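These are my notebook entries from going through the structure. I began with what is buried and then turned to the helices and their contacts.

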Amino acid sequence: MLLMALQYLVPLLVLMFTYTRIALVVWGKRTPGEAHNIRDQRMAVAKRKMIKMMVTVVLVFTICWLPLNTLLVTWDNDQSVGTWSLIPYVYLACHWLAMSHCCANPLIYCWMNSRFRQGFRQALGRLCCGRCAACAAGPMGLHPHAGTTVSMARGNTLTSYHRGQPQNPQAVD
C-alpha cells in the first residue's frame, strides 16, 4: 500500500492539484485591452485545447500506472495470485505499460500542441544541421543542408519584442 501511495496516489494528486491550479489561472486570465471578438474566440479555443491536453496527461498517467499498482496490491493481499499460470505475462504487460509512461508526455505534447511540434522540428533541424556528418564532411551541394547556417536567435514572435523594439538577433535564447 505504501508503494501504491508513493508511486501512484501522491503523483496523481500532485498532477491533479497543479494542473487544476494552472487551468483556473489560465481560464480566469483576461486578455488586456479592448475586447476583440476574433482574438477573444481564438484565445478561448487555445485555452480549451490546453486544458484538454492537461486532462489527457492526467488520464494517461492514470491509465499507465493503475494496472501495475492494482496488480501489486492484489498480489500482496492474495498470495494465490502468484500461482496463476499467466501471472508472468500479466505482470510484464502491467510493468511495460507503467514504464512506457515516460514516453507518453512528449507524444501528447507533440500531438496536441502546435508550438511544441514546431519547437521540436526546429530542435531536430539544429541537431541535424549542427552535427550531421554529411553536412560537416561532404562537399557543398551533395547534402541538402550543406553550406547553410542555423541561427539560434528567436524568430519574429510576440515574445521576441520588448516595448516595440526588436531584441538583439544575435542573442541566444
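Before listing anything I fixed the term: a residue is buried when its relative accessible area is under 20%, exposed when that value is over 50%, and partly exposed in between. I also note that this is a predicted model, so I read every value below as computed from it.

Entry 1, helix α3. With that cut-off I looked up the buried residues of α3 and found Ile87, Cys94, Ala98, His101, Ala104, Ile108 and Met112. The helix covers residues 87-112, and its 26 residues should span 38 Å at 1.5 Å a residue, which agrees with the 36 Å between its end C-alpha atoms. I then checked for a bend and found one of about 45° at Cys102, with a proline, Pro106, following within four residues.

Entry 2, overall layout. I counted 5 helices and 2 strands in the protein, and along the sequence they follow the pattern α-α-α-α-α-β-β. Of the 173 residues, 20% count as buried.

Entry 3, helix α1. This helix has 27 residues and reaches 37 Å from its first C-alpha to its last, close to the 39 Å expected. It bends by about 30° at Leu9, and Pro11 is the proline that follows within four residues. I listed its buried residues as Met4, Tyr8, Leu12, Leu15, Tyr19 and Ala23. To read that spacing I recalled that an α-helix has 3.6 residues a turn, so residues three or four places apart point the same way.

Entry 4, a surface patch. I next asked which residues form a nonpolar patch on the surface. They are Leu2, Leu6, Val10 and Val14, and together they have about 390 Å² of accessible area. I looked up Val14 separately: it lies in helix α1, which runs over residues 2-28, and it counts as partly exposed because its relative accessibility is 46%.

Entry 5, aromatic pairs. The count of aromatic pairs comes to 3. For Tyr8 and Phe61, the ring centres are 6.0 Å apart and the planes stand at 10°, so I recorded this pair as stacked. Since Tyr8 lies in helix α1 and Phe61 in helix α2, the pair ties together parts that are 53 residues apart in sequence. Tyr8 counts as buried at 4% relative accessibility, and Phe61 likewise counts as buried, at 6%. I also noted a cluster in which ring pairs link Tyr109, Phe116 and Phe120.

Entry 6, helix α2. I found 41 residues in α2, with 58 Å from its first C-alpha to its last, close to the 60 Å expected at 1.5 Å a residue. A kink of about 35° lies at Leu66, shortly before the proline Pro67.

Entry 7, two residues of α2 and their partners. Leu72 lies in this helix and is partly exposed, with a relative accessible area of 24%. I took the C-alpha to C-alpha distance from Leu72 to Tyr91 and noted 8.8 Å, for residues 19 apart in sequence. Asn77 also lies in α2, and I entered it as exposed because its relative accessible area is 66%. Its C-alpha atom is separated by 9.9 Å from that of Met1, although Asn77 and Met1 are 76 residues apart along the chain.

How values were computed. Residues numbered from 1 in each chain as written. Predicted model: local features only at pLDDT ≥ 70, side-chain atom pairs only at ≥ 80, totals over all residues. Heavy atoms only, no water. Patch = residues over 30% accessible without salt bridge, like charges linked within 9 Å, V, L, I, M, F, W, Y side chains within 5 Å. Areas by Shrake-Rupley, 256 points an atom, 1.4 Å probe, with all protein chains shown as cover. Salt bridge = Lys/Arg side-chain N within 4 Å of Asp/Glu carboxyl O. Buried < 20%, exposed > 50% of the residue type's maximum accessible area, 1.4 Å probe, protein only. Phe/Tyr/Trp six-rings, centres within 6.5 Å; stacked < 30°, edge-to-face > 60°. Expected span 1.5 Å × (residues − 1). Bend = angle between axes of the 7 residues up to and from the residue.
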